[in-house]
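Thank you all for making the time this morning. I would like to take you through one model, and I will try to keep to what the coordinates themselves can support.

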Amino acid sequence: MVVAVSPRRHAGRVARELAVWPATLKVGTVIVATIVLAGLFAPLIAPYDPFYQDFGTVLQPPSLAHPFGTDMVGRDVFSRVLFGIRIDMQIGFFTTYVPMIYGVALGAAAGYFGGWLDAILMRLLDIAMAFPFLVLIIVILSILGPGVQNIYIAVFLVAWTMYARLARAEMLVERNKDYILAARTLGFGPGRIIFRHALPNIIHSSIIFSMADFVLNILLVSGLSFLGLGVQPPLPEWGAMIAEGRDYILQAWWISTLPGVVVVITGTGLSLIGDGLAHRLGERQHGLL
Amino acid sequence: MLVLSYVLGRLVQMVPVVLGVVLIAFLTIQLVPGDPVRIMLHGRATDEVVAAAHARLGLDQPVPVQFARFVWNALHGDLGTSIIQQAPVTAIIAERLGPSIFLLSYSALIAIVVALPLALLSASRHGRPVDHAIRIGGMIGFAMPPFWIGLLLMLLFGLTLGLFPISGYGRSFGEHVVHLTLPSLTIALFLAPILIQSLRGSMLEVMTADYIEVARAKGLSERRIMAKHVLRNALIPTITVLAVNIGWLLSGAVIVEYVFSLPGLGSLLVRAVGFRDYPVIQGLALVFAMLVVVVNLLADLAYMLVDRRVLRA
C-alpha cells in the first residue's frame, strides 16, 4: 500500500524497521552497499586506468602505490577489481532477477489454475532439473557461442525453473485460504487474485532464494569467464582476471588471489542478506544456505 | 508387493523426464546455427568431405527420422562418432567416466565427514555462538569460486608444501586417491555448507520429536540421545540431500576437473566446446542428465529401503 507520509514519520518508520533487522541483514547490507557504491564510483576511486598497461611495473606485489599489486602487463589489479564490480554485479543482478519475474509468474499461475498448465510446467521443470545447471548453460553456449549476451540468453532460458517451482509450491498452499476464496467470491479475475492478493504472500521464498541465486550467478559468470566462455579479456571480469593470473600463481599470487577474495566478500554479503531476510520475513529457510 | 509397485511407479515417473532429456540432447546439434559439420571442420573442408560427414552423422535425413535413429542408437549404446577425434562418442565418454565418478564419490565422502559433526554441533548448540560461527563459515565457503579455491589449494599444498600432485589422475587406486585429494577438497568446500544447512535443519526437527522427549524422560544423557537417536535419524535425509544436490556436484566437477587437468567428463565437455565437437557435447549432455536421473532414482530406492513409511504414502 502506498500512503503519503511526512518526511519525519517516514524517518521514524525507517528507524523502527532498522531496529528489528537481524544483525546478519545489517552486516550483509553494509557489505553489499559498499561494494555496489565502490562499483558505481569506480572511475573516481580507482587509482589507475583498468586497461592501462605499464610495462615498467609488471608483476609488482601489493604496495601503497598498487594496493592489490600489478598483473603481467603492468595493469593495476585494484583498479581492475573495482571496475569488475560493474561487470559481475550487473550480470549477477540481471541473471537473478529477470528469470525471477517470469519464473514466479509462471509458477504462481500453474499453482493457481492447476490442470494441464500445471502438468506441462511440472514436466518441463523435471527435465530442466535433470541437467546440471552449469552443464546445460555450457551446452547452450556451445550452440550460441561464448560471450555475455549469450550467457544472458542461456540463463534466461534455464534459471526461471527454480523460481517457478518455489512459487508453485507456495501457491498450492495459498490458493485454498479464505482470503483467496473471498476474492473469488467478490468476482475478481484470476490475474488480480494471483498478482495483487496471492503474490505478496508467495514471493517471500523466492526473494530469500534469490540471494543464494545471486551468489551462484556471480560464481557462474566468473566460472564461465574463467573457462573462456564468458566475458572476454581484456575486460576486467573477476573470473577472467583469476584465469589470467593462473599461469603466474607462483611468482605473483596476488593477481588471482585478490579478485577471488572480493568475490568471496561479495558472496558472503549477499548470503548474509538472505539469512537476515529469512529471519525478518519470518519464514523457514528456502535458500540453499 | 508394495516395494515392487513403488519401484515400478518410480520407473514410470522417469519416462517423461528421460524422453525430454533425450530430446534436448538431440536438439543440441539441430539448433546449431549454420552447418555444424562446417563449423566442426572450421570451414576448410571440401564439399565432398562435408557431404560424407553429413551422411555419417545422418544429418541428410529428415529430422523425425534422425530423432528416431538417435533414440534407437542411444538405446544400443551408440552416441555417434566424433569427427574431430575420429572415434565413437561412447568410447570417448566411457574412458572418462571413471575419474569423474571417483572424484564425485571422494568429494561426497569428504563433504559428509566434514558436514556431519559440524551439523550435529550446530544443532545441539542451536542459537549459540558456535552455531552462528558454523553458519557464517558455511556462507563464506559457499561464496568461494571453486576454480579460485582450487588454484589456492594447488599453490599451498601442491606447489609450496609439495604434499599433493597438482594435476593428473595416476594409475593405481592409491595414486587416484592422492591425485584427487585436492580436487575433491575443492568440491567438498562448497558442498559441505549446503549439507550442513540441510542436516542441521533435519536434526533440529528430530530433536523436537516426541520419541526424543521420551528418551529424555527415560533419563538418557544428552550425549547418548544425540549419538543414538538424532544422528541416526538425520543420516537418512543425508542421502536425499546429496541426491538433490548432485547437479551442483556435477557442475562443480566440470570446473574443478578443468583446473586440475583431470581426464574426466567435465574437462572433456570444456574441451569439446572449445573444438565445437558437437557429437561429444550431445553425448555428454545426455550422460550428465542420465547421471542425475539415475542418482536420484537410486537415492529414492535407498531411502525406501531404510524408511518403509514412504511405501504407504
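I will begin with confidence, then turn to the contact between the chains, the nonpolar core, one helix of chain B and finally one proline of chain A.

What you see is a predicted model, and it scores ipTM 0.91 and pTM 0.91. For chain B the average pLDDT is 89, with 99% of the residues scoring at least 70.

Let me turn to the place where the chains meet, where 38 residues of chain A are in contact with 40 residues of chain B. On the chain A side, at least two residues each come from α5 (115-130), α6 (133-144), α10, α11 (238-245) and α12 (254-280), and the largest share, nine residues, is supplied by α12(A). If we sort that side of chain A by residue type, we find 25 nonpolar, ten polar and three charged residues.

That brings me to the core. The largest nonpolar core has 168 residues, and those with the most contacts inside it come from both chains, namely A:Val135, A:Ile137, B:Leu269, B:Leu284, B:Ala285 and B:Phe288. Helix α10 of chain A, residues 190-226, gives the largest share of this core, with 17 residues. As for B:Phe288, if we set aside residues up to four places away in sequence, it touches A:Phe131, A:Pro132 and A:Val135 from chain A, as well as B:Leu250 and B:Leu265 from chain B.

Now to helix α6 of chain B, residues 129-143, where a simple check of geometry is possible. With 15 residues at 1.5 Å a residue, and counting one less than the number of residues, this helix should span 21 Å, and its end C-alpha atoms are indeed 21 Å apart, so expectation and model agree. Within α6(B), the buried residues are B:Gly138, B:Met139, B:Gly141, B:Phe142 and B:Ala143, and what they pack against is α10 and α12 of chain A together with α8 (173-207) of chain B.

Finally, which residue might we look at in a loop? I chose A:Pro236, which lies between α10 and α11 of chain A. Is A:Pro236 buried or exposed? It counts as buried because 26 other C-beta atoms lie within 10 Å, where the cut-off is 20 or more. Leaving aside neighbours within four places in sequence, A:Pro236 is in contact with A:Pro50, A:Arg80, A:Phe83, A:Gly84, A:Ile87 and A:Met241. By contrast, A:Pro22, 214 residues away along the chain, has its C-alpha atom 35 Å from that of A:Pro236.

Technical notes: Residues are numbered from 1 along each chain as its sequence is written. Chains are lettered from A and ligands numbered from 1 in the order in which they are written. This is a predicted model: local features need pLDDT of at least 70, side-chain atom pairs count only at pLDDT 80 or more; totals for chains, interfaces and linings use all residues. A nonpolar core is a set of buried Ala, Val, Leu, Ile, Met, Phe, Trp, Tyr and Cys residues joined through C-beta atoms within 7 Å. A residue is buried if 20 or more other C-beta atoms lie within 10 Å of its own, exposed if 12 or fewer, and partly exposed in between; C-beta atoms are placed from the backbone. Helices (H or I, at least four residues) and strands (E, at least two) are DSSP runs, numbered from the N terminus. Two residues are in contact if their C-beta atoms, placed from the backbone, lie within 7 Å. Ala, Val, Leu, Ile, Met, Phe, Trp, Tyr, Cys and Pro count as nonpolar, Asp, Glu, Lys and Arg as charged, and the others, Gly among them, as polar. pLDDT is the predictor's confidence in each residue, from 0 to 100.
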